[in-house]
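User: Please take a close look at one part of this model, the open sheet and the helices that pack on it. Add the salt bridges and the surface patch where they help.

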Amino acid sequence: MNLKSENFYFILLITSVISSFIFCIGFFPYSVIQNSSNLSDSEIEKLNLPKINRSVLMIIDALRLDLIIDKNNFPFVHELLQKNEACMLQMKVNLPTVTKPRITALTSGTVPSFLDVARNLGKSKIYLDTFLHQIHMKFQNIVFSGDSAWFMFPDKFFKRTYANFDSFFVNDFYEGDKNITKSLAFELKQNDWRLLILHYLGLDHIGHVFNPYHELVPEKLKEMDQVVKVLHTKVAEWNDKSKDKSVIFLTSDHGMRNAGGHSGNSFQETHIPFLMIGVNCSSNSEIFYNQIDFATSFSIMSGLPIPKSSIGALIPEMMLDMDEDKKLDVIKIVNQRLLNMIKFDKSEEFYLKQQKAMSLHKIYSEDHNNKNAYQQASKLFMESSKDISERLAQQSLEVNLFYVLLGLFINILISIALIIPSDISKVRDLKVATMKFIPIILVGCGLKMCIFNEIFNLKNDFSSFFVIILMSVIVRIVGDILLLKIDKYKLHLFDNDILYLLLIGHFFFTISVGSSSFIEEEHQIWYYFCNAMFIILTFYEFRGRKSFETFFTVIIQCFPILIMHIFIRRMNQTGDKWINVQDIGDWLHQKENEELLHITIIISLAMTAVWLIYVHVKDKVLVPFVGLGCLFLYFHHSRSMINERIDLSTTTIFWINIIFIIFITILFKLTGKSKSFNFFVIFVLISLLLHQPQNLVMCFALGVSSMLTNHACNRMIKSSHEKIVAKIIMHWWLGKLFYFYQGNSNSLATVDTNAGFVGQTHVNMTIVFIFSTINTFNGQIIALMLLIISLVEDSKRLMIDSKTLMLQLSKWLSFLTIIPTTVFLVIITLLRHHLFIWSVFSPKLLYDFCTNVLLLIILVIVRSVVKFEGGNIL
């Protein structure tokens, strides 16, 4: 079998995606569970500690610290705090700040990995040792009501459940929470449960749609305050009748950033309140306990074994009704338990603190009047426990350095093959035979068993051998392509300076990924580059225009587009530094500006309809259907403005209209009356369905920006080859620009999850994933489609064959993506211990990998379906 030279760049893109995937497998840490012995549990049991009777764990999703500090939001809670019938502590949560990993940390005392963000949207089960498991093993009952994320635990843990199966439907501010409160009224009359879990989602949903400063937030928090009042009344009754206390725990899974949403590492997202209600305890506003400390502390106060995987320290304030002797003994036992879980040198500071605390503990045990010894011992034990817990948290997230370096090496090899200039038309085809791969596979397996296993502590399992074999094959293919290109080395210089300017700009973007600040504010780079590009293109449009009429025509064509970019640039604030500043989108969504938002929707849809009909609709019979589609979209977005579930009639008719367009297109294709599939028109209409109301103008703006770019390229560049290259680079830039215009960033917190649930009454995660992907990367996808449409038209006009066009498309898109990705992989490998590696660099890596996968999918479709000689299939 031969690999044709015209397919080399496409093959390099495929191998780059595979090697980047291997890199990601190694780079993103997986959580290593470190189990402890049962010795500490037996020691605690001997102390005969007081135990709580029943407990209620109330989680208000996305409740950040400042929201509960405000007395106006929780008047009853603050009344309890003043009466010493409750106490408030503060907690810090680890990344990622999304629900499932945080619930896992809360119940097990472990630190979930970064890739648990993906599991947050899935239905995978958790089989860790948790206090839920320990309660179940004691044959005691748990009742749960709220977020269906808790169903990641085995069903047998729960006696009764009242799950909100529409947990991801973020426009539900009230219904789900009311159902939880309704179930609460029944459960408070029952006496067959030990733990009641309530997980309210309304506040989190308001944050996703708006922000924590919206007028709906105080109303929602007062609703939660009333729930606390109902709970406190009942718990007070139980405590009057029983010697063992019942307790309400009020906390959150994570916080909320100032712009709404979460998953980042801002203070507002990672710091949450923790309250114990119904008991006399001490508040503490000076210390931030870790969220993983709750599992250990709750287990001890409930008389349960500590979860074996827990690496959390102790929260002393949770040791209720406990004398000083027993409290110090518990702190000491927990500290020793953590010490037994870690390998350490006796010169380590946490060990020295522990030894000093042991000496002070001995002094106190001999003289109970020595309060100073008690306080110092307690303090040193706690500090030692905290230090060990933090060390264990770092060690529990392991990076597979072998996979990281293997993926990095192949990406560097691919980048070298891309950079070397050659006349690909004269490069001979690559002969692929099985016998060519056997030697390098044997060498790879031999190196693994003899060297890599020892250096990287690898096992001889199937997965590692599979990766070695796969990567050995890739190295051989890429290496052969590299040698063939070197053999036909030929430096090609461009005639037009604009191409060098574009490449220099892309070079600056490539090196900018070495700075965390540039990654957080990447949108500023594209704003500057693209605005400069538009100004240069406008300048070229003015050149050679001598008559006033032609000069005026250019003004009419270019200046409205430049003004439009000034406007839509301010539609959605993004990045990190200015994310909290009010933008046009926020202003339009204010209640007093509702009419202006209606007008914006109408104008945006009307402009898009005109653009589609006059530029992209080739079959006039489809014109009414496009118009109807935009009309249905108006009704859809008008209803979304008032935060109602989208009624099925509107979305159903819209999809029926889309089906009609598809049916008519297929019918016309079969009868030979049409040469177009109208796929682009269909995709734009679906994109408009998923966009937020203020973003409806984006598709039209991208379309006219593409028209300006194509027109300017056709005028100022004479060479057909250079014209193609310039259009590819400029459209790639446009895709990046509109990605940020839409409000996206390199933070996972800006993903508009609401788009995934458009038109759904029940969650289908496949549809959610597809819709969210289309919406998030919409600018890049449409820019690539517009590029392909333009190149198809050029191929007809300039008589360029499809092979040449596909070759240039694959070559330059590979160049624009693989080189920056490789540089970024090198940087994050070197900076893998950087302070912002998980909060800044890792989300950027995920976004870039997804972009490259989408690009590969689009190119596969184009190569498989597009026949450039046969008309515009888009």
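Analyst: The sheet comes first, then its helices, then the charged pairs and the patch.

This is a predicted model, in which local features need pLDDT of at least 70 and side-chain atom pairs count only at pLDDT 80 or more, while totals for chains, interfaces and linings use all residues. Residues are numbered from 1 along each chain as its sequence is written, and side-chain values use heavy atoms, with hydrogens and water left out.

The open sheet is made of eight strands in the order S6-S5-S7-S3-S8-S9-S4-S10, with mixed pairing. Strands (E, at least two residues) and helices (H or I, at least four) are DSSP runs, numbered from the N terminus. Two strands count as paired if DSSP finds at least two bridges between them. At the edges are strand S6 (160-164) and strand S10 (288-290), each of which pairs on one side only. On average, neighbouring strands of this sheet are turned by 20° against each other, direction ignored. Axes are lines fitted to C-alpha atoms, for helices over the stretch in contact, and angles run from 0 to 180 degrees between N-to-C directions.

Within the sheet, strand S4 (residues 86-92) and strand S9 (residues 271-277) are antiparallel and share seven bridges. Met 91 has Ile 272 in S9 as its bridge partner.

Helix H8 (residues 175-187) packs on the sheet and touches strand S5 (142-147), S6 and strand S7 (195-200), where contact means heavy atoms within 4.5 Å. The direction of H8 makes about 160° with that of S7. Helix H10 lies across strand S3 (55-60), S7, strand S8 (247-251) and S9, and runs at about 175° to S3.

H10 also holds a charged pair. Lys 220 forms a salt bridge with Glu 223, with the closest N and O atoms 2.9 Å apart; the term means a side-chain nitrogen of Lys or Arg within 4 Å of a carboxyl oxygen of Asp or Glu. Both residues lie in H10 (residues 216-241), three residues apart, about one turn of the helix. Lys 220 is buried at 0% relative accessible area, whereas Glu 223 is partly exposed at 21%. Buried means under 20% relative accessible area, exposed over 50%, and partly exposed in between (1.4 Å probe, protein chains only).

Across the whole structure the search finds 16 salt bridges. One of them joins the side chains of Lys 353 and Glu 383 at 3.5 Å, N to O. Lys 353 lies in helix H14 (residues 349-366) and Glu 383 in helix H15 (residues 371-395), so this pair ties together parts that are 30 residues apart in sequence. Lys 353 is buried at 17%, and Glu 383 is partly exposed at 27%.

Another salt bridge links Lys 844 and Asp 848 at 3.4 Å, N to O. The two residues are four apart in helix H33 (residues 837-865), about one turn of the helix. Lys 844 is buried at 1%, and Asp 848 is buried at 12%. Elsewhere, salt bridges that share partners join Glu 349, Lys 353, Glu 383 and Asp 387 into one network.

Last is the patch. Val 443, Leu 447, Ile 451 and Ile 455 make a nonpolar surface patch of about 350 Å². Patches are made of residues with over 30% relative accessible area and no salt bridge, with like charges joined within 9 Å and nonpolar side chains (Val, Leu, Ile, Met, Phe, Trp, Tyr) within 5 Å. Accessible areas come from the Shrake-Rupley method with a 1.4 Å probe, and for residues only the protein chains shown count as cover. Leu 447 lies in helix H17 (residues 434-456) and is partly exposed at 35%.
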